[in-house]
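Visitor: I'm new to protein models. Please walk me through one, a question at a time.

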Amino acid sequence: MRRSLILAVVSTVFALLLAEGILRVRGSTLPSLAPLEESDLELRRFQWSDFPPMKHDMPGSPTCGEDTYLVRRDPTREVRYGSAEGEALRVWFAGDSVTMGYGVSDREAFPALLGDRLAATTRRPVVVRNLGINGAGFCAVLRRMNEHINSDGFPDLAVIVFFADDLEDRAMVGVRSRPVAFPDRVHNPLGRFLVSHSYLANLIWYTGMSRGDGEVVRFIDEESEALFVRAVRYLVGRLEQGGASVVVAVLAPTGLHLCPPDPPEGSRCQWLGPDMDRIGALLDRAEVPAVDLSTLWEGRPVMVL
């Protein structure tokens, strides 16, 4: 009996090591990140940890757990608009994939549209820095702006844009219609270690994340809302103290008006509108005014949710 048990344990360990070895030979990255190999996105890690509201996150709070983020593999970090001479107006945009312009050309992303209009209106050159992050929640949006302040000082104008779903933390995002799951969203230390270092554990976890159970899980609680208020208030205050003008906007999905009056249970139409209202209410609580950028898309094809 003892020999059979030892043989079973040894066989199991050998099988697991063999499977791990085969997976490592087959791919050059963990399975959850494989879709990035054929896209224009790359995974980066936050370099700055001195954002005060982020230092005091309560253990287990999922909304501010982002240690990594997706950005374009673009060597051109800044783009200049306008032909006028003189000192350029530096404008930084922070937001999620809508700000980054994922799925459209750089010229069609709304920071480029605004940069063009601003250069024409002010008759001075405008240098736009797009800090958009694919799949970002509000913490990643604010931390991205904060890390650039730490490294490069303050812009002349900072535009912080929140999308309808930025209050929640997403454990995975889509890249070319394939899911990408982030191991740093696993809050159990042992589980995070396994999915971050073992291809086999990562594949099992990733498969479970990809399949799901058909339910829409919402990671928004009172702690997350309170953190949103503190973080926005802090960053806007820091930008203004540094001499920057600040514009905060809540951007609606262009197809939101196509949602039915009684949306199906679990559909995006069920929570996109209420989430926008919730962001607006939280900005009011933070005493931060917000503007509407929806007119940028007037006369353009609408996206159907």
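Guide: Let's start with two terms. A residue is buried if its relative accessible area is under 20%, exposed if it is over 50%, and partly exposed in between, using a 1.4 Å probe and protein chains only. Helices (H or I, at least four residues) and strands (E, at least two) are runs assigned by DSSP and numbered from the N terminus. This model is predicted: local features need pLDDT of at least 70, side-chain atom pairs count only at pLDDT 80 or more, and totals for chains, interfaces and linings use all residues. Residue numbers start from 1 along each chain as its sequence is written, and side-chain values use heavy atoms, leaving out hydrogens and water.

Visitor: What share of the 305 residues counts as buried?
Guide: The protein chain has nine helices and nine strands. Of its 305 residues, the buried share is 44%.

Visitor: Which residues point the other way from Thr-68, Leu-70 and Arg-72 in S2?
Guide: In a regular strand, side chains alternate between the two faces of the sheet. Strand S2 covers residues 68-72, and five of its five residues are buried. Thr-68, Leu-70 and Arg-72 point one way, so the other way is left to Tyr-69 and Val-71.

Visitor: What is the bridge partner of Arg-45 in S2?
Guide: Two strands count as paired if DSSP finds at least two bridges between them. S1 and S2 have five bridges and pair in the antiparallel sense. Across from Arg-45, the partner in S2 is Thr-68.

Visitor: Which strands are at the edges of the five-strand sheet?
Guide: This open sheet has mixed pairing and the order S3-S5-S4-S6-S9. An edge strand here pairs on one side only, and that describes S3 (78-81) and S9 (245-251).

Visitor: What does the twist average from one strand to the next?
Guide: Angles run from 0 to 180 degrees between N-to-C directions, with axes fitted to C-alpha atoms (for helices, over the stretch in contact). From one strand to the next, the average twist is 20°.

Visitor: Which residue in S6 does Val-91 stand opposite?
Guide: Strands pair through backbone hydrogen bonds, either parallel or antiparallel. S4 (residues 89-94) and S6 (residues 157-163) go for the parallel sense, over four bridges. Val-91 stands opposite Leu-157.

Visitor: Which strands does H4 touch when it packs on the sheet?
Guide: A contact means heavy atoms within 4.5 Å. Helix H4 (residues 110-122) runs at about 165° to the direction of S5 (126-130). The strands H4 touches are S3, S4, S5, S6 and S9.

Visitor: At what angle does H5 run to S6?
Guide: Helix H5 takes in residues 138-152 and lies across S4, S5 and S6. Its angle to S6 is about 165°.

Visitor: Which element gives the most to the largest nonpolar core?
Guide: A nonpolar core is a set of buried Ala, Val, Leu, Ile, Met, Phe, Trp, Tyr and Cys residues joined through side-chain atoms within 4.5 Å. The largest one has 39 residues, and those with the most contacts inside it are Met-145, Ile-160, Phe-162, Phe-228 and Leu-283. S2, S4, H5, S6, H8 (222-241), S9 and H9 (268-285) each give two or more residues to this core. With eight residues, the top giver is H8.

Visitor: How many residues are in the other core?
Guide: Apart from the core just described lies another, with Val-91, Ala-112, Val-128 and Val-161 among its members. Its residue count is 15.

Visitor: Is Ser-32 buried or exposed?
Guide: Ser-32 is in the loop between H1 (2-26) and S1 (41-45). Leaving out residues up to four places away in sequence, Ser-32 touches Pro-179, Val-180, Ala-181, Pro-183, Asn-202, Trp-205 and Tyr-206. Because its relative accessibility is 0%, Ser-32 counts as buried.

Visitor: How far apart are the C-alpha atoms of Asp-166 and Asp-275?
Guide: Asp-166 is in the loop between S6 and S7 (172-175), and its relative accessible area of 1% makes it buried. Asp-275 is 109 residues away along the chain. Their C-alpha atoms are separated by 8.5 Å.

Visitor: Is Arg-123 buried or exposed?
Guide: Arg-123 is in the loop between H4 and S5. It has a positive phi of about 55°, although it is not a glycine. Because its relative accessible area is 73%, Arg-123 is exposed.
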